[in-house]
Number of protein chains: 2
Amino acid sequence: MFPKLDPLLHSELRLAVMSILAGVDEADFSYLKKQTGATSGNLSVQIDKLTSAGYITVEKGFKGKMPCTTCKMTAAGREAFDAYVTALKEYLTTGA
Amino acid sequence: MFPKLDPLLHSELRLAVMSILAGVDEADFSYLKKQTGATSGNLSVQIDKLTSAGYITVEKGFKGKMPCTTCKMTAAGREAFDAYVTALKEYLTTGA
DNA sequence: TAATTTGGTTTATATTATAAACTTGTTTAC
DNA sequence: GTAAACAAGTTTATAATATAAACCAAATTA
């Protein structure tokens with residue numbers, strides 16, 4: 001009845017990051033930080049987790065002289081996100 | 001852009017409980033346990049939290065000779081649930 | 001009447017999210 | 001030119017959370 005929710009996505013900040021990446025091809029650290037309102041530390045940690053899970057890829061480069069970390073959703077990430085959305089709907093529609 | 005999600009509802013088990021109660025007037029402990037697949041301990045704790053938050057009320061009585069704990073969603077709980085669903089939608093629809 | 005089941009609660013543990021502190025390098029102001 | 005402030009993160013510590021394990025009391029069954 002209630003499907004298990006992917007714990008990697010059932011997290012406010014990680015979900016926000018995935019939501020952004022789902023609609024945008026790629027986004028850098030600063031952009032994600034501004035959009036989510038998260039602290040750098042928190043964002044850094046959650047990006048790591050999404051990367052380890054294979055849900056996103058991270059590319060480190062420079063924009064001018066400044067370091068710039070760019071994130072991109074993977075196919076696996078897209079699948080997981082879609083599955084999560086589907087699963088969650090079971091919880092949001094009351095049984096009535 | 002991304003509204004804060006009520007942490008009391010952003011929990012797999014509590015959300016499942018609220019989802020059930022949203023559609024059913026009232027439900028007892030055993031029923032909730034069966035429907036959610038949760039352990040008794042976990043369910044007990046989460047019911048406490050929802051009660052403390054004023055999202056549900058708990059009535060302890062007997063069904064025959066057996067103790068029976070009945071849960072019911074409050075108006076505040078309903079509001080919180082609706083607000084949570086609304087907020088969550090911001091996360092589920094990709095920005096694209 | 002001894003063992004098992006029902007219906008839970010309490011307590012302990014392991015995970016998680018989050019913030020605080022720190023690092024490296026770059027601008028800007030003096 | 002150098003000191004102060006800022007950008008872009010990372011690492012580490014802490015606080016909160018979810019979950020399960022252990023426990024308890026009463027009722028039922030063997």
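This tour moves through a predicted model from one protein chain to its sheet, then to the second chain, the contact between the two, and the DNA strands.

**Chain A as a whole**

Begin by selecting chain A alone and colouring it by secondary structure, which comes to 4 helices and 3 strands. Followed along the sequence, these elements of chain A appear in the pattern α-β-α-α-β-β-α. With the C-alpha trace of chain A displayed, its span along the principal axes is about 55 × 25 × 20 Å. Of the 96 residues in chain A, 29% are buried. If contacts in chain A are restricted to those between residues at least 6 apart in sequence, 54% of them join residues at least 24 apart.

**The strands of chain A**

Next select residues 27–28 of chain A, which form strand β1, and show β3(A) beside them: the two strands pair in the antiparallel sense over 2 bridges. Within this pairing, D28(A) stands opposite T70(A) in β3(A).

Now add residues 56–63 of chain A, strand β2, which is also paired with β3(A) in the antiparallel sense, here over 8 bridges. One place to look is G61(A), whose bridge partner in β3(A) is C68(A). Following the chain from β2(A) into β3(A) brings you round a hairpin with 2 residues between the strands, and in that turn G64(A) has a positive phi of about 70°.

**The sheet of chain B**

Move to chain B and select its 3 strands, which form an open sheet in the order β1-β3-β2 with antiparallel pairing. The edges of this sheet are β1 (27–28) and β2 of chain B, each of which pairs on one side only. Packed on the sheet is α3(B), which touches β2 and β3 of chain B and whose direction makes about 125° with that of β2(B).

For a closer view of the pairing, select residues 56–63 of chain B, where 8 bridges join strand β2 to β3(B) in an antiparallel arrangement. Among the residues to label are I56(B), which stands opposite M73(B) in β3(B), and K63(B), whose bridge partner in β3(B) is M66(B). The hairpin formed by β2(B) and β3(B) has 2 residues between the strands, and G64(B) in its turn has a positive phi of about 70°.

**The two chains together**

Show both chains and superpose them: a turn of 180° with a shift of 0.0 Å along the axis lays chain B on chain A with an RMSD of 0.0 Å. The two copies are therefore related as by a two-fold rotation axis. To locate that axis from the side of chain B, select H10(B), whose C-alpha is the nearest to it in the chain, at 4.0 Å.

Then select the contact between the chains, which takes 21 residues from chain B and 20 residues from chain A. On the side of chain B that touches chain A, α1 (12–22), α2 and α4 (75–92) each supply at least two residues, and the largest share, 6 residues, comes from α1(B). Coloured by class, this side of chain B has 13 nonpolar, 7 polar and 1 charged residues. Because 95% of the interface residues of chain B are also interface residues in chain A, the copies meet through the same surface.

**The surface near DNA strand C**

Bring DNA strand C into view and select the 23 residues around it, of which S11(A), G41(A), F29(B), G41(B) and T69(B) come nearest. Both chains take part in this surface: α1 (12–22) and α3 (40–52) of chain A, and α2 (29–36), α3 (40–52) and β3 (66–73) of chain B, each supply at least two residues. Divided by class, the residues near DNA strand C are 9 nonpolar, 11 polar and 3 charged.

**The surface near DNA strand D**

Finally, select the 23 residues around DNA strand D, where F29(A), G41(A), T69(A), S11(B) and G41(B) come nearest. Here α2 (29–36), α3 and β3 (66–73) of chain A, together with α1 and α3 of chain B, each supply at least two residues of the surface. Colouring the surface near DNA strand D by class shows 9 nonpolar, 11 polar and 3 charged residues.

Key
Residues are numbered from 1 along each chain as its sequence is written. Chains are lettered from A and ligands numbered from 1 in the order in which they are written. This is a predicted model: local features need pLDDT of at least 70, side-chain atom pairs count only at pLDDT 80 or more; totals for chains, interfaces and linings use all residues. A residue is near a molecule or strand if its C-beta atom, placed from the backbone, lies within 6 Å of it. Ala, Val, Leu, Ile, Met, Phe, Trp, Tyr, Cys and Pro count as nonpolar, Asp, Glu, Lys and Arg as charged, and the others, Gly among them, as polar. Two residues are in contact if their C-beta atoms, placed from the backbone, lie within 7 Å. Two strands pair if DSSP finds at least two bridges between them. Axes are lines fitted to C-alpha atoms, for helices over the stretch in contact, and angles run from 0 to 180 degrees between N-to-C directions. Copies are superposed by least squares on the C-alpha atoms of residues with pLDDT of at least 70 in both. A residue is buried if 20 or more other C-beta atoms lie within 10 Å of its own, exposed if 12 or fewer, and partly exposed in between; C-beta atoms are placed from the backbone.
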